[in-house]
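Visitor: Could you take me through one part of this structure up close? I'd like to see what sits around the bound molecule and how the rest fits in.

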Amino acid sequence: MDRLNGSARLMIVSDLDSTMVDHDDPQNLSLLRFNALWEAYYRHDSLLVFSTGRSPDSYQLLRAEKPLLTPDITVMSVGTEIACGESMVPDAGWEQYLNQRWDRDIVVEETSKFPELLPQSEIDQRPHKVSFYVEKDKALKIIGVLSERLEKRGLDVKIIYSSGIALDVLPRGAGKGQALAYLLKKFESDGKLPASTLVCGDSGNDAELLSVPQVYGVMVSNAQEELLQWYSENMRNNPSIIHATERCAAGIIQGIGSFCLGPNVSPRDIRDFQKCKVDIVNPGYDVVKFYLFYERWRRADIQKSTQHMQNFKSVFHSSCTLVHPSGTEQHIHQCVDEMESLHGDRQGNQFLVWVDRVSSSQIGLDTWLVKCAKWESHGAEKYCCLTTILMSSKAELPNDFVWLHVHQTWLDGYGVKQPGTWLI
Ligand code: GLC
Ligand code: MG
């Protein structure tokens, strides 16, 4: 079910809209801060789970729009669909289990008797999820009456109200909390229960996540009234749950810090990597740091100086070659010269660089093979290269790596039209 050999050090289970993703932050700053933190310190031994109300299609639309990382597991449609891995293999066992005392046609028939229930779009209607919009003041009464009627028809359902507008009818055994409990049980039976689990949410359908036993929880600062109310009625003074003072992904980072679950300073918040040495042997950290420097250089967020150029050169072995995604091979000298001339060519906040799916394996005593998907976006344009880097660690400084070889290939559909704009 997951790519780790042992138990995850940390499993983060996060909602997407208004939790991982801040729709009021067009630059996605807090999301990118989380991404850098995750890839630098957690990706290699921890698990990322997205748990969203969105259907698979609507989730893909969000992925195309926002710089979301690739999760290890995706729980969609309010805990009615579970998909594993990058290729998103559906968990058929889960969907089958949800058929118990569930009949979608009966739900549609009974709900159609309430004119106040406005059906959501087709994209959000799923085999085990029937969804509507309804005003806050009417929701409570409808939930009561509808539950009774569906019970009389032999169904066992759960009705969830979220964001002061969305009403979902699901099988009783479904929901974000039940889906997480199912995953935890699977991990446990494989002897791979994560050492810690942190759940994060903002709205009504996330309440269940926070009530799963033995997990830490964050309600982001911008959490909806219905979640805060549920918390004060059911979970008040539970020391394992915080209401963050930070919005969205910044609130998740705050949660990691509050519960002492691991590093909580995003590399994006470190201005000077020379002064702020990190004591870990992890080539993933090196990759994140390098591409942040690259972003800052091209944006001219850092000044053009011989010291910076020196630091850039020191990343590479003198015989390093780069296979550019267009197929040409470059010697490192050429790349260093080009880097120098590109200072500030992408000024302003339109240019962003981030890495996803950083994985590394030690293939020799001091040699590592590192892979990642490296993304660049510039305004509305988005590019990605699958990047493989051969690195060696320096004997005297094992957490300092030197790059021996870099090979890049365009990710299908995300190539640059003018190869000159893509350096490394
Ligand atoms: C997401 C889904 C929607 C659902 C809501 C609350 O917005 O797209 O169908 O009703 O979450 O769970
Ligand atoms: Mg949400």
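Guide: Let's start at ligand 1 in this predicted model. The residues around ligand 1 are Gly53, Arg54, Val78, Gln120, Asp124, Lys129, Ser131, Ser162, Ala166, Asp168 and Asn205. Sort that shell by character and you get 2 nonpolar, 5 polar and 4 charged residues.

Now pick out some of the side chains that reach ligand 1 with polar atoms. With Asn205, a polar side-chain atom lies 2.6 Å from an oxygen atom of ligand 1. For Lys129, the distance between an N or O atom of the side chain and an oxygen atom of ligand 1 is 2.7 Å. Asp124 has a side-chain N or O atom 2.9 Å from an oxygen atom of ligand 1. And how much of ligand 1 does the protein cover? On its own, ligand 1 has 310 Å² of accessible area, and the protein covers 82% of that.

Zoom out a little and look at the domains. The protein is divided into domain 1 (11-93 + 174-268), domain 2 (102-171) and domain 3 (270-410). Ligand 1 lies between domain 1 and domain 2, because both of them give residues to its shell. As for domain 3, its centre is 50 Å from the centre of domain 2, taken over C-alpha atoms.

Next, find the magnesium ion, which is ligand 2. Asp15 (OD), Asp17 (O) and Asp202 (OD) coordinate the magnesium ion, at 2.1 to 2.3 Å. Along the chain, these donors follow the spacing D-x1-D-x184-D. Are Asp15 and Asp17 buried or partly exposed? Asp15 has a relative accessible area of 5%, so it counts as buried. Asp17 has 21%, so it counts as partly exposed, given that buried means under 20%.

One last stop: the cysteines. A disulfide is a covalent bond between the sulfur atoms of two cysteines. How many disulfides does the structure hold? The count is 0. Take Cys84, which is in no disulfide: the nearest cysteine sulfur belongs to Cys200 and is 19 Å away. Since a disulfide needs the sulfur atoms within 2.5 Å, that pair doesn't qualify. Cys84 is also buried, with a relative accessible area of 15%. Cys372 is in no disulfide either, and the nearest cysteine sulfur, that of Cys384, is 8.3 Å away. Cys372 is buried too, with a relative accessible area of 5%.

How values were computed
Residues numbered from 1 in each chain as written. Chains lettered and ligands numbered in written order. Predicted model: local features only at pLDDT ≥ 70, side-chain atom pairs only at ≥ 80, totals over all residues. Heavy atoms only, no water. Donors = N, O, S within 2.8 Å, 3.2 Å for Na, K, Ca; no water. Buried < 20%, exposed > 50% of the residue type's maximum accessible area, 1.4 Å probe, protein only. Near = heavy atom within 4 Å. Polar contact = N/O pair within 3.5 Å; in protein donor to acceptor, adjacent residues only side chain to side chain. Areas by Shrake-Rupley, 256 points an atom, 1.4 Å probe, with all protein chains shown as cover. Nonpolar A, V, L, I, M, F, W, Y, C, P; charged D, E, K, R; others polar. Domains from an automatic or database assignment.
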